Structure formats: C-alpha cells, structure tokens
Amino acid sequence: MTIPQVAKAAGPRTLSFMSHPNLLILPYGTTRPTFAAPPRHAGPGAVVIGRSTLGRNVWLGALSVLRGDGNFIRAGDDFHLGARSTLHIAHDTFSCTVGDRVTVGENACVHACTVGNDVVVGDNVVILDGAVVEDNVVFEADATVFPGKRVPGGHLYAGSPAKPVRPLEPGEAAVRRQQLVVHNERRQADRLAAGTPSAGSQVHDSVFIASTARVRGRLVAAQSSSIFFSNDFDAGDATITIGPRTNIQDNTVIRCATAQGVTLGRDATVGHNVTIHDCVIGNETLIGIGSTVAPGTIVEDRVLLAASARTAPGQRLESGWLYAGTPARKLAPLDAGKIAMTGIIVEHYCRYAQDFKAIEREAGKDTRAAHAGT
C-alpha cells in the first residue's frame, strides 16, 4: 500500500484562512482548516472544521461534513465528496487520512480510518475506525468495512461486511471514479431548505443545534443534548424528544410519520448518517453509524446497534445486547468494555457540543461584524 501523500496540502502555500460561497469553515480550539487551494466546488451547507487539511481540486457536496475536532483529517488532491457524506475521527485514538483521487458518493461515512489513492466509495458506504483501505479499490453502494480491517488493493468490494467480488480491470477504478463524479454533480441541488423548531418546542439553553442542522416541527431537547452538523429532522405532526446528554451526530435523518414520534432517552449516542423513523430508543444506547431504525422499533436501555444494521418494523431490541445485520439480530451480550465505551462517547460529545456552541456563537459575531462593515 502507498501511504496517502497529502503533505503537499500543508506546505507554505497552504491557505490557513479563506472564505468560499456556501462553505462553512469553523475552527476547533485554536486550529482552523487548511486548504492547498480553494475548493473547486462547495454545495450549500457544506462544513469543514478544525484540524482538517485538504489538497487541490477538492469538490464538496451539499451538507457534507469534515469534522476535525478530537483528531486530524487529511484529504489529498482531487478529493470528491458527495452530498450528506461525513468524514470524522475517533477522538484521540484514530485520525482520518484519505489519499489522492478519492471519490465518495452520497450519504457515506469515512470514519477514523486510512484510505489510499484511487479509491471509489459508493453511496451509503461506511468505513470504520482503524480500517486500512489500500490503493486502487472500488466499493459498491451500501458496503461496510468494519473496525480494524485491512482491504487489499486491486479489487471490487461489496456487502456488509465488505468482501472482494473480483479483481478490478486495468483502469476500472478511474472509470468508476468518473462515473461517480458525474453522478454526484448531476444530483447537486439546494438541499439546505429552511427549518426551525415549531412553536411549543422545549429546548434547554444548554442544547447545541448546529447551524447547518434543519429541525422542523415540535422538538423537546433536554439539558446538554446535541444535534450536530447537517442533521435533518422532521417531526411532522408528532414530537421528537431527546433526553439529557444525548448526542445525535452529523448527517442523521429523523422522520416522523405517525403520532408516536421519536423518543430518545438519556446518555444515548446516535452515530453519523443514521436514519430514524417513529420509534423509542432507550437510555445509554448506541445507534451505530449508517444504521436504520425502522418504524415502531423499541430499543431498550443499554443496547448497541452495530454500524449499517437495520431493524425490522416493530422490532424490540432487548437490553444488554449487541445487535447487528439486516434485519438486526442478537450478536453478543454487552460486556463491561462496550458499556464503558458508550459512556466515554457521551462524555466526549458533551464537551464537543459545548465547544461548538461557543465556536458558532463567536462565528456568528464575526459574521455580523463583517456585515456591519459593508
């Protein structure tokens, strides 16, 4: 494998501060994102945060998120990120490093891993913590790479978990890359429709709601809960209720179609790019990246739903178990380590939420000051 060559994006000509139409650029702590050159395109609501370093000729879809807070993100030249896709890190454990000529489709999540050069990541793909993807790889839509896996180069992969389907033909990755680039660009639209909590909502003063998140309908959000970047909630005629210290991470979609609505308990974590329908999710649960919670699901307290899993309508997930697959099934009882992990994530996200609440407040002041001077 060739380690992604992104150092040139951090050279003396790197832009440490810039502005770009549509693109929200935020610091984290004292660190601002750096760009080797202004992005070729940034769709409405795209956001780049903190310790993120991007190369040349970068294309960012609407509501895409690169969040370099607890660790760093590096993406090389000719990086193409589809709408509602997410790059993130695993606090102080894993960074996220992406090589040159990498293309990611819509609603995908590349999380705390290493991705080589000339890689194509289809729609809804999830690549998880500590994974290493070698050069010249294509992932079909809906594939999942689980934590710590090494993906050898030169193959087409599909499935959850992702498995090799066949060797790639010479030049196939470049062809598939161009096809996905065209597909992403044709699907571009203004996805940042307006939306604010309706009258009768109850949102504690400590709650963080990111500026690129959209919340429509009645929201009840308790102390220290958080709604991260590019989330899209629609309560319809019901209510979305979020318990204390619960975090809902970037690009998650919640849709209520019945009077039941969605209820999340306390100290719960909902990962990036999750889809949630009318359901009840209990206390101290973890809903994994890219998973789907079907209508009528009841998730009891202390459940871990694995990445890319899908519950069945009306399914009950019993307390104390790890569930995985489609439809979700019991995989193993939760041990003390997994229970402790969920608590650690909650602690980290409570801190992130308050940090970002302050960062966006200051960014708003800067924006108002700039407008006042024009």
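A polar contact is taken here as a pair of N or O atoms within 3.5 Å, of which one must be able to donate a hydrogen and the other to accept it. With that in hand, a good place to enter this predicted model is Thr 258, whose side chain is joined to that of Asp 278 by a polar contact of 3.1 Å. The side chain of Thr 258 also has a polar atom 3.2 Å from the backbone nitrogen of Gln 260. Thr 258 sits in the loop that runs between strand 27 (253–255) and strand 28 (262–264). Once residues up to four places away in sequence are set aside, Thr 258 touches Ala 238 as well as Asp 278. With a relative accessible area of 44%, Thr 258 is partly exposed, because this value falls between the limits of 20% for buried and 50% for exposed residues.

A view of the whole protein helps to place such details. The fold is made up of two helices and 38 strands. Its radius of gyration is 20 Å, close to the 21 Å given by the globule rule for 374 residues, so the protein is as compact as a globular protein of that length. Along the principal axes, the C-alpha atoms occupy a box of roughly 60 × 50 × 35 Å. Of the 374 residues, 54% are buried. Among contacts with a separation of 6 or more, 24% are between residues 24 or more positions apart.

The surface and the charges can be described just as briefly. About 15,000 Å² of the protein is exposed, and carbon and sulfur atoms supply 54% of this area. There are 36 positive and 34 negative side chains, and the centres of these two sets lie 1 Å apart.

From Thr 258, a step of 191 residues along the chain leads to Arg 67, and the C-alpha atoms of these two residues are separated by 33 Å. Arg 67 is in turn a partner of Asp 69, the side chains of the two being joined by a polar contact of 2.6 Å. Asp 69 belongs to strand 6 (residues 65–75). Asp 69 has a relative accessible area of 1% and is therefore buried, the cut-off being under 20%. Beyond its neighbours within four places in sequence, Asp 69 is in contact with Tyr 28, Arg 51, His 88, Ile 89, Tyr 352 and Phe 356.

The backbone offers some points of interest too. Most residues other than glycine have a negative phi, and most peptide bonds are trans. Against this background, Asn 136 has a positive phi, near 60°. Asn 136 is found in the loop between strand 15 (132–133) and strand 16 (137–139), and is partly exposed at a relative accessible area of 32%. Arg 302 likewise has a positive phi, near 55°. The loop holding Arg 302 lies between strand 34 (297–299) and strand 35 (304–305), and Arg 302 is partly exposed, with a relative accessible area of 36%.

Two peptide bonds before proline also deserve a look. Ser 160 and Pro 161 are joined by a cis peptide bond, with omega about 10°. Pro 161 is located in the loop between strand 19 (155–158) and strand 20 (163–167). A cis peptide bond also joins Thr 326 and Pro 327, where omega is about -10°. Pro 327 is placed in the loop between strand 37 (321–324) and strand 38 (329–333).

Technical notes: Residues are numbered from 1 along each chain as its sequence is written. This is a predicted model: local features need pLDDT of at least 70, side-chain atom pairs count only at pLDDT 80 or more; totals for chains, interfaces and linings use all residues. Side-chain values use heavy atoms; hydrogens and water are left out. Helices (H or I, at least four residues) and strands (E, at least two) are DSSP runs, numbered from the N terminus. Buried means under 20% relative accessible area, exposed over 50%, partly exposed in between (1.4 Å probe, protein chains only). Contact means heavy atoms within 4.5 Å. The radius of gyration is taken over C-alpha atoms; the globule rule is 2.2 Å times the number of residues to the power 0.38. Accessible areas come from the Shrake-Rupley method with a 1.4 Å probe; for residues, only the protein chains shown count as cover. Lys and Arg count as positive and Asp and Glu as negative; His and the chain ends are not counted. The place of a charge is taken as NZ of Lys, CZ of Arg, CG of Asp or CD of Glu.
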